[in-house]
Amino acid sequence: MATSGRQEISHERNPGPAVLARIGLVTHPSRAIDGPLLELREWAARCGVDLVQVYAFCRQKQVAERGDAVDCDLIVSIGGDGTTLAAIHAGVEAGRPVLGVSCGSLGVLTTVAPDGVARALDRFSAGDWVPRLLPALDGTRDGADPVFALNDIALVRVGEGQVRVRAVIDGTLFARVAGDGCVVSTQLGSSAYSLSAGGPLLAPGTHGFVFTPLYPHGGSCPPLVLTPDSELELEITTGFGGVRLEVDGQVVAGGVGQLRIRLCQGVATVVGFSDQEPFVAGLRRRGIIADSPRFIAEDARG
């Protein structure tokens, strides 16, 4: 996928009133989405806005006629972070912003609670929203299609044998790692696969990306935060089982002998609001960041 240029992450306020003629939907296939969907339909009928369902790489529950994301003014996802991530990919292709409606606990990408759809659309139409411009990873492969990730690119051992990774940064050898593979993540993706593998958490607005080895078999290779202008080159050799390439959780076909990764700024636009929950507060609420038991015990004692 070609990206839309390199621009700095911006949090511009008051982007101006928006004319909404058509909204594209991306929906979770199995969660209870009836409540927010009904609120969205009622708002659209009241405001004379068409609703269509647009293609995304995730499975969806069919709730509207098919449409093209390019013909929409806004894409609304109803589900969780996975559904919203798929919607953002569709938004990048079409050059459209994405509003994530949560059906469950508010995650990293979803912005609106199930009962807040109408108010969020009113605020978006009035220009009372904050564009969150997200970076992405561009990966090129020899003899195969390029890859594009908003969260992460992972190389994962499939079966027997180790995955051998030779990581080179701007022409300089960083490490040679034999283990289960590696994951390269954006700031957004640093709270997902990379974090679970022991990688660092990058705060919002951090200009950089992360290389995290997956469970090395000996040696010493700490996770590394790369500068936004760095190029990471990965040379991959595998054992008997081979290696699987995952891009934002989706398995991608094609060879992975050599992979070159760069960071592109400001590729995707997510609708945010100035009064929404801070990123770190959301991680604490969801238990991704948890206090030491001593503090919990002291709180319980009052």
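**Figure 1. Helix α2 has the length expected of it.** With 14 residues, helix α2 (residues 81-94) should span 20 Å at 1.5 Å a residue, and its end C-alpha atoms are indeed 20 Å apart, so the two values agree. As in every view here, the coordinates come from a predicted model. Just after the helix comes glycine 95, which has a positive phi, near 70°.

**Figure 2. Helix α2 is mostly covered.** How many of the 14 residues of α2 are buried? Eleven of them are. If you would like to pick them out, they are Thr83, Thr84, Leu85, Ala86, Ala87, Ile88, His89, Ala90, Gly91, Val92 and Ala94. The elements that cover these buried residues include β1 (22-27), β3 (74-79), β4 (98-102) and β6 (144-149), along with β5 and β16.

**Figure 3. Serine 77 and threonine 84 meet through their side chains.** Let us zoom in on serine 77, which belongs to strand β3. Is serine 77 buried or exposed? Its relative accessibility is 0%, so serine 77 counts as buried. The side chain of serine 77 makes a polar contact with that of threonine 84, at 2.8 Å. Setting aside neighbours within four places in sequence, serine 77 is in contact with Val26, Thr83, Thr84, Ala87, Leu99, Gly100 and Val101. Of these contacts, Thr83, Thr84 and Ala87 are among the buried residues of α2.

**Figure 4. Strand β16 is largely enclosed by the rest of the structure.** Why can we call strand β16 (residues 258-272) largely enclosed? Because eleven of its 15 residues are buried. Strand β5 (residues 130-141) pairs with β16 in the antiparallel sense, over eleven bridges. Strand β13 (residues 231-238) also runs antiparallel to β16, and five bridges join the two. A handy residue to centre on is arginine 260 in β16: threonine 140 stands opposite arginine 260, and arginine 260 is also the bridge partner of glutamate 233. As a reminder for this view, strands of a sheet pair through backbone hydrogen bonds, either parallel or antiparallel.

**Figure 5. Two buried cysteines, and zero disulfides in the structure.** The structure holds zero disulfides. Cysteine 72 is in none, and the nearest cysteine sulfur, belonging to cysteine 58, is 15 Å away. Cysteine 264 is likewise in no disulfide; here the nearest cysteine sulfur is that of cysteine 182, 18 Å away. Are these two cysteines buried or exposed? Cysteine 72 has a relative accessible area of 1%, so cysteine 72 is buried. Cysteine 264 has a relative accessibility of 2% and therefore counts as buried too.

**Figure 6. Six strands form an open antiparallel sheet.** Reading across the sheet, the order is β12-β11-β10-β7-β14-β15. Which strands lie at the edges? They are β12 (224-226) and β15 (250-252), each of which pairs on one side only. From one strand to the next, the twist averages 25°. Within the sheet, strand β10 (residues 181-185) and β11 are joined antiparallel over five bridges. In that pairing, glycine 181 has leucine 214 of β11 as its bridge partner.

**Figure 7. Glycine 198 is an exposed loop residue.** Where does glycine 198 lie? You will find glycine 198 in the loop between α4 (193-196) and β11 (209-214). Its relative accessible area is 52%, so glycine 198 is exposed. Glycine 254 is 56 residues away from glycine 198 along the chain, and their C-alpha atoms are separated by 28 Å.

Conventions
Residues numbered from 1 in each chain as written. Predicted model: local features only at pLDDT ≥ 70, side-chain atom pairs only at ≥ 80, totals over all residues. Heavy atoms only, no water. Buried < 20%, exposed > 50% of the residue type's maximum accessible area, 1.4 Å probe, protein only. Helix = DSSP H or I, 4+ residues; strand = E, 2+ residues; numbered from the N terminus. Pairing = 2+ DSSP bridges. Disulfide = S-S within 2.5 Å. Expected span 1.5 Å × (residues − 1). Contact = heavy atoms within 4.5 Å. Polar contact = N/O pair within 3.5 Å; in protein donor to acceptor, adjacent residues only side chain to side chain. Axes fitted to C-alpha atoms, helices over the stretch in contact; angles between N-to-C directions.
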